[in-house]
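Here is a casual walk through one chain, stopping at the spots worth a look. Have the viewer open as you read.

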Amino acid sequence: MNDNTFDLPNGVPPAREKIPTGLPHPRPYLIDMINDMIRDAQKIGVPGTPADCRPPVSTNLISDGYHTFGELYAHRTRLFIALCRYIQFTDVWRSKSHSDGTRLDGYFLLGIGFNAGEQITYHLEDEYWKDCAFAATLSKAPPFDGHTPQDVLQRLANL
């Protein structure tokens, strides 16, 4: 074995060989396949695969042919800040710490609503902190109500 090769242990699932028919473009399938390969490599402990392995290409550069993930996240961030600024008379807040005091380095929380069942929250990059000065600044975020991305979509639709 040299530095560029390794043997896969028994039990490693075989790679998918065919792109399923009926897809408008193979790109979504290929992205899923790459992510599956990375997860499989992490599970079996492939040498040189760090626990937080990322795809070799920045996900910010992945595109659907119209927009990159980086562009879409920048739009989501600016739209959520604009929404919060527009409805700031409600319970809009920001915090650098979760309710348990933990932090996500480089990010803060911007949220709408304090109570369970009404929260809409996003982690935003620290570079947007000053843009959110209109929001109440809390030492700790309200306790997380366990909302899912689907819950947030429903809550946004109900605003």
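Is A74 buried, partly exposed or exposed? With a relative accessible area of 31%, A74 is partly exposed. Before going further, keep in mind that this is a predicted model.

**The overall layout**

Let's step back for a moment. The chain has three helices and four strands, and reading along the sequence gives the pattern α-α-β-β-β-β-α. As for burial, 21% of the 159 residues of the chain count as buried.

**Around helix α2**

Back to A74, which sits in helix α2, residues 69-86. Its C-alpha atom is 9.8 Å from that of L124, a residue 50 positions away along the chain.

E71 belongs to helix α2 too. At 37% relative accessibility, E71 counts as partly exposed. A polar atom of the E71 side chain lies 2.9 Å from the backbone nitrogen of T68. E71 also has N60 at 7.6 Å, C-alpha to C-alpha, with their positions eleven residues apart in sequence.

Then there is L72, again in helix α2. L72 is partly exposed, at 41% relative accessibility. Together with F69 and Y73, L72 makes a nonpolar surface patch of about 290 Å². If you colour the surface by residue type, those are the three names to pick out.

**The salt bridges**

How many salt bridges does the count come to? The count comes to two. Here they are side by side:

| Acidic residue | Basic residue | N to O distance |
|---|---|---|
| D131 | R78 | 3.0 Å |
| D145 | R155 | 2.9 Å |

Take the D131 and R78 pair, whose side chains meet at 3.0 Å, N to O. D131 lies in the loop between β3 and β4 while R78 is in helix α2, so this salt bridge ties together parts that are 53 residues apart in sequence. On accessibility, D131 counts as partly exposed at 27%, and R78 is partly exposed as well, with a relative accessible area of 45%.

Now for the other pair, D145 and R155, with their closest N and O atoms 2.9 Å apart. D145 is in the loop between β4 and α3 (149-158) and R155 is in helix α3, so to speak a link between distant parts of the chain, ten residues apart. D145 is partly exposed, with a relative accessible area of 23%. R155, on the other hand, is buried at 16%.

**Strands and loops**

Which residue does the side chain of T121 touch in a polar contact? The partner is H147, side chain to side chain, at 2.9 Å. T121 is placed in strand β3. Why does T121 count as buried? Because its relative accessible area is 16%, and buried means under 20%.

S95 is worth a click as well. You'll find S95 in strand β1, residues 92-95. At 0% relative accessibility, S95 counts as buried. The S95 side chain reaches the backbone oxygen of L138 at 3.1 Å.

L138 turns up again with S97, which is found in the loop between β1 and β2 (107-112). S97 and L138 are 41 residues apart in sequence, yet their C-alpha atoms are 8.4 Å apart in space. S97 counts as buried, at 5% relative accessibility.

**A charged patch**

One more stop, this time on the surface. Which residues form the negative surface patch? The patch is formed by D105, E125, D126 and E127. Of these, have a look at E127, which is placed in the loop between β3 (120-125) and β4 (136-138). E127 counts as exposed, with 59% relative accessibility; the cut-off for that class is over 50%.

**Pulling it together**

The loop between β3 and β4 comes up twice in this tour: E127 of the negative patch is there, and D131, the salt-bridge partner of R78, lies there as well. Helix α2 also keeps returning, with A74, E71 and L72 among its residues. L138 is another name to remember, as its backbone oxygen is reached by the side chain of S95 and its C-alpha atom is 8.4 Å from that of S97.

Terms used: Residues numbered from 1 in each chain as written. Predicted model: local features only at pLDDT ≥ 70, side-chain atom pairs only at ≥ 80, totals over all residues. Heavy atoms only, no water. Patch = residues over 30% accessible without salt bridge, like charges linked within 9 Å, V, L, I, M, F, W, Y side chains within 5 Å. Areas by Shrake-Rupley, 256 points an atom, 1.4 Å probe, with all protein chains shown as cover. Salt bridge = Lys/Arg side-chain N within 4 Å of Asp/Glu carboxyl O. Lys, Arg positive; Asp, Glu negative; His and termini not counted. Charge placed at Lys NZ, Arg CZ, Asp CG, Glu CD. Helix = DSSP H or I, 4+ residues; strand = E, 2+ residues; numbered from the N terminus. Buried < 20%, exposed > 50% of the residue type's maximum accessible area, 1.4 Å probe, protein only. Polar contact = N/O pair within 3.5 Å; in protein donor to acceptor, adjacent residues only side chain to side chain.
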